[in-house]
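Open the model in your viewer and keep the selection tool at hand. Each stop below says what to pick next and what you will find there.

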Amino acid sequence: MRKLTAIGIALAAMLAFAGSAEAKAGAPGTVAIYDSDEISATKGIFWGQILSPRASCQDARNFKFVVSGMTGKTTIDQGKTSSEGGLSALLKLSDLSGATAASFVVAKTSKCAKAVGSIMFAKPAASRAASTDLSIVGVDGDGDDGAFGGFVKSSKGKCKANRKVKLLLDGNEIDHGTTTAAGSWSLHVTAAEFEPTNTFKVVVKKTSKCAGAKENFVPAMPRPTWR
């Protein structure tokens, strides 16, 4: 797992309390904030999607990424959503200085309600958690069912055994479990879920003494197939 810089820690702390909200007028919409990641020691990115039962309320919607603090609100990035509602924002570490919250704000139109996806900062806490690495070894299946397999590695033996892990499909949990005494895990996925356009991530939950970790599945070329 990559070592987090200051912006990586800040992004992770912000996402700890991610949520969404919707307005009451016009076709409803919700902002799903899928993830964040650091690009360098000074820059990071958030991304997600606006979801609506009306397809036209996802396509080319104006949005802003707004950071709130003691001095008020500042627009950090802005743009238009993709045809399927994708949105993202690039920010610098300095943009987070003194900030207490951040939001994706999708503007109201004549037929679509305003939608806000809010991110609250987690309270910083001193931690001496042992480092944790998470590896996805591969995925395979037989018929309609298959599984991802991998392991958790840590300098502290107690941080490998009985760790809570979960498998996310496009940001939504589809299976969860715990690691073995030696740190291995297996999480179920169906053949129907294993589509080329779907994204998968495995997350191991942090504890008071063990750091958390996550790993995106990067398929080999060609993509693995069921037997």
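**A tour by selection**

Start with V202 and E215: E215, in β16, is the bridge partner of V202. The model you are viewing is predicted.

**Stop 1: β15 and its partners**

Select residues 213-216 to light up strand β16, which pairs with β15 in the antiparallel sense over four bridges. Now select residues 200-204, which make up strand β15. How many of the residues of β15 are buried? Five of its five are, and the strand is mostly covered. Look at both faces of β15. On one side sit F200, V202 and V204, and on the other K201 and V203. Every one of these side chains belongs to a buried residue.

Next, add β12, which pairs with β15 in the antiparallel sense over five bridges. Pick V165, which stands opposite V204 in β15.

**Stop 2: the hairpin**

Stay with V165. Which residue of β13 stands opposite V165? It is G177. Select residues 164-169 for β12 and residues 172-178 for β13. These strands pair in the antiparallel sense over six bridges. Two residues lie between the strands of this hairpin. Click on D170 there: D170 takes a positive phi near 50 degrees.

**Stop 3: the salt bridges**

Show the side chains of D35, K201 and K214. They are linked in a network of salt bridges. The structure holds two salt bridges.

Zoom in on K201 and D35 first. Their closest N and O atoms are 1.9 Å apart in this salt bridge. K201 lies in strand β15 and D35 in strand β3, so the pair ties together parts that are 166 residues apart in sequence. Are K201 and D35 buried or exposed? Both are buried.

Why does D35 count as buried? Its relative accessibility is 7%, and buried means under 20%.

Now move to K214. K214 forms a salt bridge with D35, with the closest N and O atoms 3.0 Å apart. This pair also links distant parts of the chain: K214 is in strand β16 and D35 in strand β3, 179 residues apart. K214 is partly exposed, because its relative accessible area is 40%, between the cut-offs of 20% and 50%.

**Stop 4: the open sheet**

Follow D35 into its sheet. Select strands β3, β4 and β7. They form an open sheet of three strands in the order β3-β4-β7, with antiparallel pairing. Which strands stand at the edges? They are β3 (30-38) and β7 (86-92). Each has a single partner strand, so one side of each is left without a neighbour in the sheet. The twist averages 20 degrees from one strand to the next.

Look at β3 and β4 together: they pair in the antiparallel sense over eight bridges. D35 stands opposite W47 in β4.

**Stop 5: a surface patch**

Click on W47, which lies in strand β4 (residues 43-51). W47 counts as partly exposed, because its relative accessibility is 33%. Add Y34 and L51 to the selection. With W47 they make a nonpolar surface patch of about 250 Å².

**Stop 6: V67**

Finish in strand β5, residues 62-69, where you will find V67. V67 is buried, with a relative accessible area of 5%. Show what surrounds V67. Beyond its neighbours within four places in sequence, its contacts include G72, I76, D95 and A101. Last, pick S118. V67 and S118 are 51 residues apart in sequence, and their C-alpha atoms are 9.9 Å apart in space.

Technical notes: Residues numbered from 1 in each chain as written. Predicted model: local features only at pLDDT ≥ 70, side-chain atom pairs only at ≥ 80, totals over all residues. Heavy atoms only, no water. Pairing = 2+ DSSP bridges. Patch = residues over 30% accessible without salt bridge, like charges linked within 9 Å, V, L, I, M, F, W, Y side chains within 5 Å. Areas by Shrake-Rupley, 256 points an atom, 1.4 Å probe, with all protein chains shown as cover. Salt bridge = Lys/Arg side-chain N within 4 Å of Asp/Glu carboxyl O. Buried < 20%, exposed > 50% of the residue type's maximum accessible area, 1.4 Å probe, protein only. Contact = heavy atoms within 4.5 Å. Axes fitted to C-alpha atoms, helices over the stretch in contact; angles between N-to-C directions.
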